[in-house]
Amino acid sequence: MVVSTNPAGNVMESTGRLLDVDRITRSLDLATSLGATYAEIRLVSETTNSASLKDGKLERAIPGQEIGVTLRVLADGAWGVHSTSDISSISDQIESTTRLARAVAARHSSSSDAIALAEVPIIQDEMHWRSVKDVRDTDLDTRIEMMTAIDAEAKDDERIVATSTGWLDEHIQTELLTSEGMDRVWSFQRSLINGMVTAREGSDVVSYRMRNGGEGGLEVIEKADLGAMGREARLSAIRLLSAERAPSGKMPLVADRDLTGVYIHEALGHPCEADLVQAGDSCLEGKLGQKIGSDMVTVVDDPTMRGGYGCYPIDDEGVDTREKRLIVNGVLTEYLNHRETAHKFSLDPNGGARAQDGLHHPLVRMSNTVIKGGTHNDLDELIEDIEHGIYACGSRGGQVDTGRGSFQFAAQEAWLIENGSITRPVKDVSVSGMTLQILKDVDGLTKDSRLAAPGFCGKGQTVPVGDGGPLMRIREALVG
Amino acid sequence: MILIPDDAVERLLESCASIGAACEAAGISSWEVFANQGYGHSLDFEAGRISMASGGGDGGFGLRVVEDGRYGYAHLVDPRGAARAISEAIGIARRSPSIPGFELPASEESKSVGGMLDKRILDIGPEDLLNQGDQVLARVTELDSRAVAVGGGIGVGATAGAILTSNGIEDGGIFSSHGIGVHISIDEDDQLTSSYEGDSSRKLLEDPLSSVDKAIHWSQVTRDKVPGGETEDCPVLMTSDGFAPLFSMVVPTAVKGERMVRGESLWAGMLGQQVLAPHLSLVDDRRMEGGTSSGSRDGEGVPTTTRTLVDSGRLLDQIWSTRDAAQQVAEGRIDSAASTGSASRGGHTSPPGCGCGDMILSSSDRVMSRDGLIEEMGEGYVIHSVMGAHTANPTSGDFSVTTSTILRVEGGQVVGALSQAGFSGNMAKALNGRVILGNQRAKQGSYSSGSMHVPDVLLMDGLRVNPA
């Protein structure tokens, strides 16, 4: 193993340690003296500010400071975990957590069940991603002003009966100490603004929501065209009032960037998570190196894509992050992994371990997941030879059954495509399919690929993610 | 007790008092401190084994201050940080709009609700939980040698909660929980079927293995595939597992008074009118014995109630928190409104908002067994679980989801399973059409919108099934 100190040029000044390094080091030594093969203590402190307006008036503003610390012990090939918001007590849990791990291990029937970790460079450093405008310096008036900019445009129609806007900014600092000698501290920030409008006409009532944000401070929100966000949400909601119910059946589908992102997150990203592969719950088990998509499909997951909502500089096992090329020209080339699954599948650790906060243990998670661009110039080129299909925009979220390989995602609004033209608006469009089929059915991508609106991903724990890509055409999708 | 210190509530109340005293010292006369501290053990299943065991606890304090009808909120982990939290909360209050008539709730006597704590749970240690895990895995193998528990887990927990306000509300208690979730898959002959089932209770689960039995059953019955057929509008029998997530997305949101008067509810302007089929009733019970969303007081200390929201299909009532009621009256959207004891909290990090408790859907008409419902349906589908329930639109009631646990019914008999299908419709309209409820009411999980107690539901109109 390589031991390095402050290897990156990206090192900023320390923002102060909350863990007592000497005491924690002694505790980790105790764990190994009790027979643990590995032990770690990870502390996350979060300074957050959330706020919301309802109909343009301040509804709530919540400043918060939360701390969580998690001890993980690997003994006899099994994990024991203890999490608490009481930092001072964590060292007292070494013996009981080691015992817990051993009690789990005693139940494993074969040595193949034993968990081991892939080797990684042991690093001692600090890495702080500095924002241009630190969220901790942003005052409430500024937050209100930004949200008001959305609200003012969103409500400019008598059919808009309610508006709400929201704000969330976070400064997150993580400290990780391990029995292997890892001692890393890292921090970064995220900012998010969102809004929702409700439109009513007679008994018809619809809603539309929008979101913008990413890794960074106030500058992330300042770059957004907030007025346009409000205006587009209003216009979309008004359109939905008169939209017809979408047709059902199998038909060509063109997805905007938001939906392309959700599609690739649900249909491919989750089945690529190596902890699900290990659990026997992924349709991509045993398919590394195989062709699973059309030639034009190349997909990456990249936590270092600065500005994306799923960015992080170091993963929650202390592994440096990098771009992961999940599919290259239709061939499955890489799983997202953490140290446990990297060892299990004899892969290089690729920095995919993420925990929701200091009170949760790391799982294999996505970060910023995008499909690379294709060859089509624009939407017109994608739809010109579609006789009857759907152009779907904006995400209402999605879900996947990774084992079966089936997925679903829903659009906020959509249009019919008839004889190569976009015609009438339709509503309640959802799309479902099977991962191993629909990746082969991608038959058109525009050239320009970029991240779409930020999102959140739930897998027992919730983490922020970015996803996106170009506009995408699928030859045949199950709609409705 | 193993799980939680004997004096957990007393400790929380002492800390609440110290924060309250700091508020008084800072010249704030109207304050509320909410606290919780949770402890628990859990284990995870993966690839047919127990993969991890964990334990721990967390908690904190939420401070709400009110000044001239304006409120501010801040949360903290350590009471020693009270000065900062007070300063932030009062700063926000002074920047917030004043709501005439908004004050923190007055102290009123409340009656306790039973079944919140099962002391047997407090004595469950990690080794006991691992033994339960062993039983689950043994049961899987016993029922079907092909089946594997690929995910899920078991957990026990106890949470101490307390509230203390400047108006004299002082209350606290311990709430226990026991839960299981098990994700079973059968992968054989190039066909994988799976099912996730779970159960939770404030009491020690009487039969935690029943979730295994159910998951195995659905993993087995969905293996016998029949061709998908054409898209059709047809009756659908939703099991409580499939129905509850969609119901929880749409109905609890619709009964919030604030959303009704702001026009955001699909039932806005319909008070007194028929909104559900004439034989259906909907009760929001915040006083259900052992109810996972029940208790003697709501999230801001107001005594809880049991409210009939819909009776014989007619919308009779709506739910309010103190601030929502004052705000909508002050803004002239409604002549009068008051707290219905319906304030909910997501924990100490968020101020109280309005929400449902234990919500019960019932029928005064005939109810039927599952087999009876299938026979009554004649032609249609049984849908057990859906993907994408969270994408349902709570404002309109529209949903469009996907299911992989769907059975085809012909001539009143199940003839086989589809591999996958789209399923769409409008939940509110379907519940206002031809509906027959099953005769077994089941609690189907707790959601952010409350805990749903619903039976199997046969919905006859306005639903579309779109086989893959």
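This is a guided tour of a predicted two-chain model, stop by stop, with a selection to make at each one.

Residues are numbered from 1 along each chain as its sequence is written, while chains are lettered from A and ligands numbered from 1 in the order in which they are written. Because the model is predicted, local features need pLDDT of at least 70 and side-chain atom pairs count only at pLDDT 80 or more, whereas totals for chains, interfaces and linings use all residues.

**Stop 1: the contact between the chains**

Start by showing chains A and B together. Their contact takes 56 residues from chain A and 59 residues from chain B; two residues are in contact if their C-beta atoms, placed from the backbone, lie within 7 Å. On the side of chain B that touches chain A, strand S2(B) gives the most, with 11 residues. That side of chain B divides into 20 nonpolar, 28 polar and 11 charged residues. Here Ala, Val, Leu, Ile, Met, Phe, Trp, Tyr, Cys and Pro count as nonpolar, Asp, Glu, Lys and Arg as charged, and the others, Gly among them, as polar.

**Stop 2: strand S2 of chain B**

Now select residues 49-67 of chain B, which form S2. Helices (H or I, at least four residues) and strands (E, at least two) are DSSP runs, numbered from the N terminus. S2(B) is mostly covered, with 17 of its 19 residues buried. A residue is buried if 20 or more other C-beta atoms lie within 10 Å of its own, exposed if 12 or fewer, and partly exposed in between, with C-beta atoms placed from the backbone.

Which way does S2(B) run beside its partners? Take them one at a time; two strands pair if DSSP finds at least two bridges between them.

- Add residues 78-84 of chain A: this is S4(A), joined to S2(B) by 6 bridges and running parallel. Zoom in on A:Gly80, whose bridge partner is B:Ala53, and on A:Val81, which is partnered by B:Ser54.
- Add residues 31-46 of chain B, which are S1(B). S1(B) and S2(B) are antiparallel and share 16 bridges, and one pair to pick out is B:Glu32 with B:Arg64. The hairpin has 2 residues between the strands, and in it B:Ala47 takes a positive phi near 50°.
- Add residues 70-76 of chain B for S3(B), which is antiparallel to S2(B) and joined to it by 7 bridges. B:Val66 has B:Tyr71 as its bridge partner. This hairpin also has 2 residues between the strands, and B:Asp68 takes a positive phi near 55°.

**Stop 3: helix H4 of chain B**

Next, select residues 126-143 of chain B. At 1.5 Å a residue (times one less than the number of residues), the 18 residues of H4(B) should span 26 Å, and the end C-alpha atoms are 26 Å apart, which agrees.

Which residues of H4(B) are buried? They are B:Pro126, B:Leu129, B:Leu130, B:Gly133, B:Val136, B:Arg139 and B:Val140. An α-helix has 3.6 residues a turn, so residues three or four places apart point the same way. The cover over the buried residues of H4(B) includes H2 (94-105) of chain A, along with S1, S2, S4, S5 and H5 of chain B.

Add H5(B), residues 210-221. B:Val136, B:Arg139, B:Val140 and B:Leu143 of H4(B) meet B:Val212, B:Asp213 and B:Ile216 of H5(B). The residues of this contact divide into 5 nonpolar, no polar and 2 charged.

**Stop 4: a glycine in chain A**

Jump to A:Gly230, in helix H5 (residues 226-241) of chain A. Is A:Gly230 buried or exposed? With 26 C-beta neighbours inside 10 Å, A:Gly230 counts as buried. Beyond residues up to four places away in sequence, A:Gly230 touches A:Ile150, A:Asp151, A:Ala152, A:Glu153, A:Ala154 and A:Gly195.

**Stop 5: three loops**

Finish with three loop residues.

- A:Asp428 lies between strands S19 (421-427) and S20 (430-434) of chain A. Its phi is near 60°, a positive value in a residue other than glycine, and A:Asp428 is buried, with 27 C-beta neighbours inside 10 Å.
- B:Ser312 sits between S10 (306-311) and S11 (314-315) of chain B. Phi of B:Ser312 is positive, near 50°, and B:Ser312 is partly exposed, with 14 other C-beta atoms within 10 Å.
- B:Gly412 is between S17 (398-410) and S18 (413-418) of chain B. B:Gly412 counts as partly exposed, having 15 C-beta neighbours inside 10 Å, and touches B:Ile374, B:Glu375 and B:Gly378, not counting residues up to four places away in sequence.
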